[in-house]
Protein chains: 2
Amino acid sequence: MSEPSTAHPEIDVIAIGNAIVDVMAPCDDAEIARLGMAKGGMTLVDPARAHELYEAMGPAREISGGSAANTLAGLAALGAQCAFIGQVAQDQLGEVFAHDIRAGGIAFDTSSRAGDPATARCLIFVTPDGQRTMNTFLGASQFLPAAALDDTVIASARVLYLEGYLWDPEEPRKAMRRAIAAARNAGRQVAFTLSDGFVIARHGDDFRELIATGQIDILFANEHELAALTGVEDFHTGIEQVARTVPTVVVTRSENGAHAIRNGEHAHVPAEPIAHVVDTTGAGDLFAAGFLFGHVRHRTLAECLKLGAVCAAEIISHYGARPEADLAALVAEKIR
Amino acid sequence: MSEPSTAHPEIDVIAIGNAIVDVMAPCDDAEIARLGMAKGGMTLVDPARAHELYEAMGPAREISGGSAANTLAGLAALGAQCAFIGQVAQDQLGEVFAHDIRAGGIAFDTSSRAGDPATARCLIFVTPDGQRTMNTFLGASQFLPAAALDDTVIASARVLYLEGYLWDPEEPRKAMRRAIAAARNAGRQVAFTLSDGFVIARHGDDFRELIATGQIDILFANEHELAALTGVEDFHTGIEQVARTVPTVVVTRSENGAHAIRNGEHAHVPAEPIAHVVDTTGAGDLFAAGFLFGHVRHRTLAECLKLGAVCAAEIISHYGARPEADLAALVAEKIR
């Protein structure tokens, strides 16, 4: 048997996601209300609204973000081999995004896109309780073409990880469908995160079909997304229902920890204690990073959940959705 | 008597400085050596070297910077009325800089500059001891023209604050000379920070002449800059020498606190205790902010120094040279 020909041998996780730079500033609850934002949510904004909100925002910092990209940053910090596919524009924020993901040790070969629109950014208002309210201008990110994919590379990765947010725009959705086919044809696993209620409201039928037809191997959701997906209020009933056709289902429940079912086995992890919640941006993304790291390293289900909880706790302790601490060292200290 | 005609009535401090976005990442001492950087220093870099260093840098965050701009951010946070003059390009980092300074409540009316070069950035490598090693690509910042000044606005500010770094490029130097004349003609005070040894090495004669001819009312330096300026190794001899022609001289001495002489009166403040030094970027800038705030609010010399020490300690406790804490509340708690 010949070696598969690929520029990325032995990729643990390849992800397709939004290529976004986060623009983050603290604000108070009154400001959230005054600006007409839905606290804790993610709203897609057009350039005019993005401009209006940026004008109203306090002094900010820019840190690379994007849900799946954050997950890869965590995975790479833990020691996994990763590759990212996402669309930036040929501008300074695009350079920032590309630098940060590559500097994290993640392969990133998607060509930047000339002309308008600009690289995606997410205006994130962080309240004193650590809650983040996100306003995303998708920009170039929504124009990721299927042609940006290299099926050989996708076939060479153990897990293909897809971000639900990116299911909304048409071109990336086509690209993701093609990627799912490429991964499945190669006998690889497909992991999917539901991302947000609005995506489920718009594309729930797509997701339910993918799940029913056995195209998803690992599903990440929080409890609200699970309820929206299944239409079932009771958490345990909902997760059992999804687990009938999805081999691994992982559901996060904020301060109540997380629950998973893998091939009939149940496991639960409490939330890690956190001295001071600074900014919850990226908590779900880093939970997925920890869990997937355990998964590709063949850890027990309970250990996978614990890895997720430790990584989520790290990201909540500071501004930004990219890890600051040495995650590998942190995990070594907390697990075993 | 008619009101002076100005768009900025009652400005406490107007500053002219570099308009820079800081690009910051942690690194270890071996990396500093490997990249051939002088630890703790500031080096001007050309685009090729900036590219090389950025390629070598880890995942970073972008936070607005610039020495005098940082000082104004601190002053504005304390409650002072401020205005900034500095040159950005018409690009995304220029928008970031302009947003952040205006969002801090600082008037900023300098038109952005079309075409190359890009907005200035400073690649800052932060070692585990909190020391910062800076590599500045000056970009558009060095093309601030004298025509960008509005003499009426300068004449309306109590204090004109100038950053020594900006004395190096020719156009801003001309602009600053004109600003000094405008301020002095209006009977205003001129404050100057020496910024860095390399500036003194190149322009020390200019500075000594400005000082000897009584054109500087308030001089900020650290002890190394003072020695470079005066050629005198002994700290006390050096500060006394400068104080002969400069009414207020303020010298910071890192962990040894700071010393000032104002019209013959001496005062000293120890460094504020800091639980954990994260990043020293902006410590001098924020010391100047606290001191100048006390100065324009007619506080005692000892109080001015204490204000400087409290603001410097805040900035050292986190990444970035713009304040994160509520400086006004912090100062109210620490002083009286």
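Colleague: What makes strand 1 (residues 11–16) and strand 5 (residues 82–85) of chain B a pair?

Modeller: Four bridges join strand 1 of chain B to strand 5 of chain B, and the two run parallel; since two strands pair if DSSP finds at least two bridges between them, four bridges meet that definition. One of the bridges can be named, for B:V13 has B:C82 of strand 5 of chain B as its partner. Strands here are DSSP runs of E with at least two residues and helices are runs of H or I with at least four, both numbered from the N terminus. This is a predicted model, in which local features need pLDDT of at least 70 and side-chain atom pairs count only at pLDDT 80 or more, while totals for chains, interfaces and linings use all residues. Residues are numbered from 1 along each chain as its sequence is written, and chains are lettered from A and ligands numbered from 1 in the order in which they are written.

Colleague: Which strands of the open sheet in chain B are called edge strands, and why?

Modeller: The sheet has nine strands in the order 6-5-1-9-10-11-12-13-14, with mixed pairing. Strand 6 (107–108) and strand 14 (265–269) of chain B are its edge strands, as each pairs on one side only.

Colleague: Which strands does helix 6 (residues 170–185) of chain B lie across?

Modeller: Helix 6 of chain B lies across strand 1, strand 9 (157–163) and strand 10 (189–193) of chain B, and runs at about 160° to strand 9; contact requires C-beta atoms, placed from the backbone, within 7 Å.

Colleague: Why are helix 7 (residues 197–212) and helix 8 (residues 223–230) of chain B called oblique?

Modeller: Their axes, lines fitted to C-alpha atoms over the stretch in contact, are 9 Å apart and make an angle of about 50°, on a scale that runs from 0 to 180 degrees between N-to-C directions. Under 35 degrees counts as roughly parallel, over 145 as roughly antiparallel, 65 to 115 as roughly perpendicular and the rest as oblique, so helix 7 and helix 8 of chain B are oblique to each other. Among the residues that meet are B:I200 and B:F207 of helix 7 and B:A228 and B:L229 of helix 8 of chain B.

Colleague: Where does the angle between helix 11 (residues 301–316) and helix 12 (residues 327–334) of chain B place that pair?

Modeller: These helices pack at about 130°, with axes 10 Å apart, and that angle makes helix 11 of chain B oblique to helix 12 of chain B. The contact is made by B:L307, B:V310, B:C311 and B:E314 of helix 11 and B:L327, B:L330, B:V331 and B:K334 of helix 12.

Colleague: How do you know that chain A and chain B are related as by a two-fold rotation axis?

Modeller: With least-squares superposition on the C-alpha atoms of residues with pLDDT of at least 70 in both copies, a turn of 180° and a shift of 0.0 Å along the axis lay chain A on chain B with an RMSD of 0.0 Å; the two copies are therefore related as by a two-fold rotation axis. A:E62 is the residue of chain A that comes closest to that axis, at 2.4 Å (C-alpha).

Colleague: What makes strand 4 of chain A and strand 4 (residues 61–64) of chain B a pair across the two chains?

Modeller: These two strands share three bridges in the antiparallel sense, and A:I63 has B:R61 as its bridge partner. In total, 20 residues of chain A are in contact with 20 residues of chain B, and helix 4 of chain A gives the most to the side of chain A that touches chain B, with six residues.

Definitions and conventions: Contact = placed C-beta atoms within 7 Å.
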